[in-house]
Amino acid sequence: MPADAPGLAITPWRLIDGSVAVHLALDGVTVPADHRLSGGLDLMHAILPLADLARAAEAVGVMQRMFDETLDYLRTRSQFNTPLGRFQAIQHRMVAHYCALEQSRALLNLALVGGEEEISARPTSPAPLPARALSSAMFR
């Protein structure tokens, strides 16, 4: 659909990482036949589980980056003439976060090895995979 289609309102905003997202508002928009999905809603419903996997993979990547940056900080920042990473309480926290990261990665890998047929046949749960991956990464 062309961005200047009548009835289509596009409101962009910047995300925390600097990339741009948009909100699309459709008001009386007519989609030409040559712009419609050939599979209709059935195709969209078949693709949603794959989109969930993509979001979960992104979440695991973000978790890995956060863990790596935190670990680097703990190795370089000092308190009482000792690197922060040498304190046992902080080491325990980092181990817990590492376990959550690995559990999330394992969940993602488990979902990926199921194959496309299994993925599309799975019912959508109230907490999709990205939400479960992120909830396991929450700082406790």
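Colleague: What makes the side chains of Glu69 and Arg65 a salt bridge?

Modeller: A salt bridge needs a side-chain nitrogen of Lys or Arg within 4 Å of a carboxyl oxygen of Asp or Glu. Glu69 and Arg65 meet at 2.5 Å, N to O, so the pair fits that rule. Bear in mind that this is a predicted model, where local features need pLDDT (the predictor's confidence in each residue, from 0 to 100) of at least 70 and side-chain atom pairs count only at pLDDT 80 or more, while totals for chains, interfaces and linings use all residues. Residues are numbered from 1 along each chain as its sequence is written, and side-chain values use heavy atoms, with hydrogens and water left out.

Colleague: Why is Arg65 called exposed?

Modeller: Exposed means over 50% relative accessible area, buried under 20%, and partly exposed in between (1.4 Å probe, protein chains only). Arg65 has 57%, so it counts as exposed. Glu69, at 44%, is therefore partly exposed.

Colleague: How many salt bridges are there by this rule?

Modeller: Three. Asp52 and Arg55 pair up at 2.3 Å, N to O, and Arg105 and Glu102 do so at 3.3 Å.

Colleague: Is Asp52 buried or exposed, and why?

Modeller: Buried, because its relative accessibility is 17%. Arg55 sits at 41%, so that one is partly exposed.

Colleague: Where do Arg105 and Glu102 lie?

Modeller: Both are in helix H2 (residues 88–113), three residues apart, about one turn of the helix. Helices here are DSSP runs (H or I, at least four residues), numbered from the N terminus.

Technical notes. Helices (H or I, at least four residues) and strands (E, at least two) are DSSP runs, numbered from the N terminus.
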